[in-house]
Amino acid sequence: GESIALSGDASFTTLNSAFDDVIVHDVSMGANFRYCVAAPNSDFPEGAQMEWEGSLSVGTNDFTVRVSRTPFSQFGLFLYGTSPTQTPLADGFLCVGGSIVRLGAPVLMNGLAPTRLDLDLTALQTNSGTVTVTPGTTLFFQTWFRDTPAVGSGANLSNGLSVQFCP
């Protein structure tokens with residue numbers, strides 16, 4: 001598809017109606033999208049899927065990352081990075097790059113039901129302490145998990161979730 005970036009008081013005019021539909025994203029309200037490949041795991045052929053809930057507003061500070069479609073009763077780790085990538089790792093793909101941070105302790109995955117991790121945007125964990133997330137910051141989230149029933153390395157990863165936070 002085609003995309004057009006508008007900012008400020010910009011307007012959009014078209015002389016023909018070649019667009020089937022138009023989706024407008026107000027990035028002042030934050031933005032998110034899934035990216036990278038979620039490789040099949042032992043329980044779900046579509047692979048583990050990253051999601052979010054709450055608000056993308058740093059002022060609201062109500063942001064939760066979650067992952068679903070992971071192997072049931074296997075341990076996993078939530079990660080974030082400062083840039084996207086797609087690099088083969090274990091039985092899947094590493095989708096987070098740059099400075100990669102492990103968020104919290106290992107958690108038991110819930111299979112089809114989402115496994116959640118609430119984040120404090122005023123004290124987000126980093127490799128050297130904590131930092132306050134500022135509006136306009138984009139972070140890339142992913143989950144690594146054990147997949148011992150699978151044939152292969154015994155580990156896999158979800159797809160990636162790109163999130164741009166707003167005021």
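In this predicted model, Phe63 stands opposite Leu119, a residue of strand 8. Strand 3, which covers residues 63-68, is joined to strand 8 by five bridges, and the two strands run antiparallel. Strand 8 itself spans residues 115-119.

Both strands belong to an open sheet of three strands, with the order 2-3-8 and antiparallel pairing. Strand 2 and strand 8 are the edge strands, each pairing on one side only. On average, neighbouring strands of this sheet are turned by 25° against each other, with direction ignored. As a general point, the strands of a sheet pair through backbone hydrogen bonds, in either a parallel or an antiparallel way.

**Salt bridges**

The structure holds five salt bridges. Three of them are listed here with the distance between the closest N and O atoms.

| Arg | Glu | Closest N and O atoms |
|---|---|---|
| Arg34 | Glu51 | 3.8 Å |
| Arg69 | Glu46 | 2.8 Å |
| Arg116 | Glu53 | 3.1 Å |

Which parts of the chain does the salt bridge between Glu51 and Arg34 link? Glu51 is in strand 2 (residues 49-54) and Arg34 is in strand 1 (residues 31-35), and the two are 17 residues apart. Glu51 has 13% relative accessibility and therefore counts as buried, the limit for that class being under 20%. Arg34, at 46%, counts as partly exposed.

Arg69 and Glu46 form a salt bridge between two loops. Arg69 lies in the loop between strand 3 and strand 4 (75-81), while Glu46 lies in the loop between strand 1 and strand 2, so the pair ties together parts that are 23 residues apart in sequence. Arg69 is partly exposed, with a relative accessible area of 26%. Glu46 is partly exposed as well, at 38% relative accessibility.

The salt bridge of Arg116 with Glu53 links distant parts of the chain: Arg116 is in strand 8 and Glu53 in strand 2, 63 residues apart. Relative accessibility is 43% for Arg116, which counts as partly exposed. Glu53 also counts as partly exposed, at 25%.

Which residues are linked in a network of salt bridges? They are Arg34, Glu51, Glu53, Arg66 and Arg116.

**Aromatic pairs**

There are six aromatic pairs in the count. One of them joins Phe33 and Tyr35 edge-to-face, at 6.2 Å centre to centre and with 65° between the planes. Phe33 counts as partly exposed at 47% relative accessibility, whereas Tyr35 counts as buried at 14%.

Tyr35 also forms an aromatic pair with Phe140, again edge-to-face, with 5.8 Å centre to centre and 85° between the planes. Is this pair made of buried or exposed residues? Tyr35 and Phe140 are both buried. Because Tyr35 lies in strand 1 and Phe140 in strand 11 (residues 138-146), the pair ties together parts that are 105 residues apart in sequence.

Ring pairs also link a cluster, made up of Trp52, Phe63, Tyr80, Phe141 and Phe165. Phe63 thus appears in two settings: opposite Leu119 in strand 8, and within this cluster of rings.

Conventions:
Residues are numbered from 1 along each chain as its sequence is written. This is a predicted model: local features need pLDDT of at least 70, side-chain atom pairs count only at pLDDT 80 or more; totals for chains, interfaces and linings use all residues. Side-chain values use heavy atoms; hydrogens and water are left out. A salt bridge is a side-chain nitrogen of Lys or Arg within 4 Å of a carboxyl oxygen of Asp or Glu. Helices (H or I, at least four residues) and strands (E, at least two) are DSSP runs, numbered from the N terminus. Buried means under 20% relative accessible area, exposed over 50%, partly exposed in between (1.4 Å probe, protein chains only). Two strands pair if DSSP finds at least two bridges between them. Axes are lines fitted to C-alpha atoms, for helices over the stretch in contact, and angles run from 0 to 180 degrees between N-to-C directions. Rings of Phe, Tyr and Trp (its six-membered ring) pair if their centres lie within 6.5 Å; planes under 30 degrees apart count as stacked, over 60 as edge-to-face and the rest as tilted.
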